[in-house]
Amino acid sequence: MFQPARTKYRKAHKGRVHGKAKGGTTLNFGNFGMKATEPGRVTAREIEAARRAITRHIKRVGRVWIRIFPDVPVSRKPAEVRMGSGKGTPEFWIARVKPGRIMFELDGVPHQLAHEAFALAAAKLSVSVRTVTRVGEGGEP
Amino acid sequence: MAETITLRAEARDRAGKGAARAARRAGRVPGVLYGEGKPATLVSVDPRELTRELHKPGFFARLVNLDLNGTTHRSLPRDVQYDPVTDHPLHVDFLRVNAGTTVTVAVPVVFTNQETSPGIRRGGMLNIVRHEIDLVCPVEAIPDRITISLDGFEIGDSVHITNVKLPEGTRPTMARNFTVASIAAPTAVRDEQVAAAQAATAAKSAADAAAAAAAAGDTPAAPGAAAAPAAGAAPAAGAAAGGAKPAAKK
């Protein structure tokens, strides 16, 4: 699973995901991409599950790019602990995703296979997505 | 030579985001026509006509005859802004061009003869580094595409810009010999290569251990004895890294 090698601060504020994506909204590498259509927090486990779903469906041909990275630590308090006494311990990592963000890219596979792979991967993610295709490959810009 | 397309446009009277939003609410795509030392003209175009052209490759390499209230303006599309979520066009820029104008345009690259490339037939993947190449060329001679034949390319081969025959009168904007595409090994072949390299490393370390033991006068170790921990170390390390909690530093 993805996680930062080192961080400047151990814990982060929860924050909110507002607005639309400002960058990373166009295909940069492959002919097919998966674009988020709603804001959310995508965990490292979700990213890894989606990556596995894609690579297993395309049977290790083609190439996959992951365009998001979980760099925000999320903390949890233990069960049955009273409130207070400081923030809990970091438990997992998330990527903040805004609508419009390209999360995965895929190349070297036919159109139909790419759509199937992204549909399987979308089932692993906590944000709704849609598939985008490069112009000239039968899709939108 | 790229084809010339015609788009019908209407003039807009006010500039700014309020007027642009009003144009969008009216079902138009706001745009601007500028260049040739003349003042900029605010226009709006029909989204269906524009989207139809945007869905064809090489939109920025095609000349556009902008039909503005009965007057035709010869122009070149320079920029399109899209909604990040829906990918609908929000705004479009057109540059007025005349005969003899030299422009920089992004020309799409098309790869042919993929079926006769031995590298791709063996399972290699065409890794396109540049889907478009920026060319400096006269307006009358903008190529509609750059065709690159992959005939004879093996796995590991690369196509550089010096290997590409560019149309007469054009030159790339970048002076260096950049890579346009390469044929990468498929994942299965890469895995085999990694496994072979790991096996070779393990065998070498086993041989070294055996030689050291023999020099020390001990009984030589079994060939697989040193290889087994070496092979097992990588997954164990990977599992430890994968299962690690967020950095637990104080």
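This section describes the fold, cores and selected residues of a predicted model, with most attention to chain B.

The predictor assigns the complex an ipTM of 0.87 and a pTM of 0.77. For chain B, the average pLDDT is 81. A score of at least 70 is reached by 82% of the residues of chain B. One stretch of chain B, residues 219–244, stays under 50 in pLDDT. The model gives that stretch 9 contacts beyond four places in sequence.

Chain B holds 5 helices and 13 strands. The chain has 250 residues, of which 37% count as buried. Contacts in chain B with a separation of 6 or more were also sorted by sequence distance. Residues 24 or more positions apart make up 65% of them. The exposed area of chain B is about 13,400 Å². Carbon and sulfur atoms supply 54% of that area.

Two domains are assigned in chain B: domain 1 spans 1–98 and domain 2 spans 102–187. Their C-alpha centres are 29 Å apart. Domain 1 of chain B brings 13 residues to the contact, and domain 2 of chain B brings 12 residues.

The largest nonpolar core comprises 30 residues. Phe111(B) and Val180(B) have the most contacts inside this core. At least two core residues come from each of five strands of chain B: E7 (102–112), E8 (125–128), E9 (132–138), E10 (146–149) and E13. The biggest share is that of E7(B), with 5 residues. Both domains of chain B take part, and each of domain 1 (1–98) and domain 2 (102–187) contributes at least three residues to this core. A second, separate core has 21 residues. Among them are Phe32(A), Ile54(A), Phe118(A) and Val127(A).

Val180(B) has an extensive list of partners once neighbours within four places in sequence are left aside. Its contacts include Val109(B) and Phe111(B). They also include Ile128(B), Val129(B), Arg130(B) and Ile133(B). Further partners of Val180(B) are Ile148(B), Val159(B), His160(B), Ile161(B) and Val164(B).

Ser182(B) is placed in strand E13 (residues 179–184) of chain B. Its relative accessible area is 16%. Ser182(B) therefore counts as buried, the cut-off being under 20%. Beyond four places in sequence, Ser182(B) touches Met125(B), Leu126(B) and Asn127(B). Asp157(B) and Ser158(B) are also in contact with Ser182(B).

Helix H1 of chain B covers residues 17–25. Ala19(B), Ala20(B) and Ala23(B) are buried in this helix. Seen down the axis of H1(B), the buried residues fall within an arc of 100 degrees, so they line one face of the helix. Lys17(B) and Arg25(B) are exposed on the other side of H1(B). The buried residues of H1(B) pack against strand E2 (29–35) of chain B. Gly27(B) follows H1(B) and has a positive phi, near 85 degrees.

Arg96(B) belongs to strand E6 (residues 89–96) of chain B. Arg96(B) is buried, and its relative accessible area is 8%. In sequence, Arg96(B) and Gly35(B) are 61 residues apart. In space, their C-alpha atoms are 5.0 Å apart. Gly35(B) is also one of the contacts of Arg96(B) beyond four places in sequence. Other contacts of Arg96(B) include Leu33(B), Tyr34(B), Glu36(B), Lys38(B), Pro39(B) and Thr41(B). His73(B), Arg74(B) and Ser75(B) are in contact with Arg96(B) as well.

Asp46(B) sits in a loop of chain B, between strand E3 (38–45) and helix H2 (47–54). Asp46(B) is buried, with a relative accessible area of 15%. Leaving aside neighbours within four places in sequence, Asp46(B) is in contact with Arg8(B) and Arg28(B).

In chain A, Arg16(A) lies in the segment before strand E1 (32–36). Arg16(A) has a relative accessible area of 61% and is exposed. Arg16(A) and Arg41(A) are 25 residues apart in sequence. The C-alpha to C-alpha distance between Arg16(A) and Arg41(A) is 9.3 Å.

Terms used: Residues numbered from 1 in each chain as written. Chains lettered and ligands numbered in written order. Predicted model: local features only at pLDDT ≥ 70, side-chain atom pairs only at ≥ 80, totals over all residues. Heavy atoms only, no water. Helix = DSSP H or I, 4+ residues; strand = E, 2+ residues; numbered from the N terminus. Buried < 20%, exposed > 50% of the residue type's maximum accessible area, 1.4 Å probe, protein only. Contact = heavy atoms within 4.5 Å. Arc of directions from axis to C-beta. Core = buried A, V, L, I, M, F, W, Y, C linked by side-chain atoms within 4.5 Å. Domains from an automatic or database assignment. pLDDT = per-residue confidence, 0-100. Areas by Shrake-Rupley, 256 points an atom, 1.4 Å probe, with all protein chains shown as cover.
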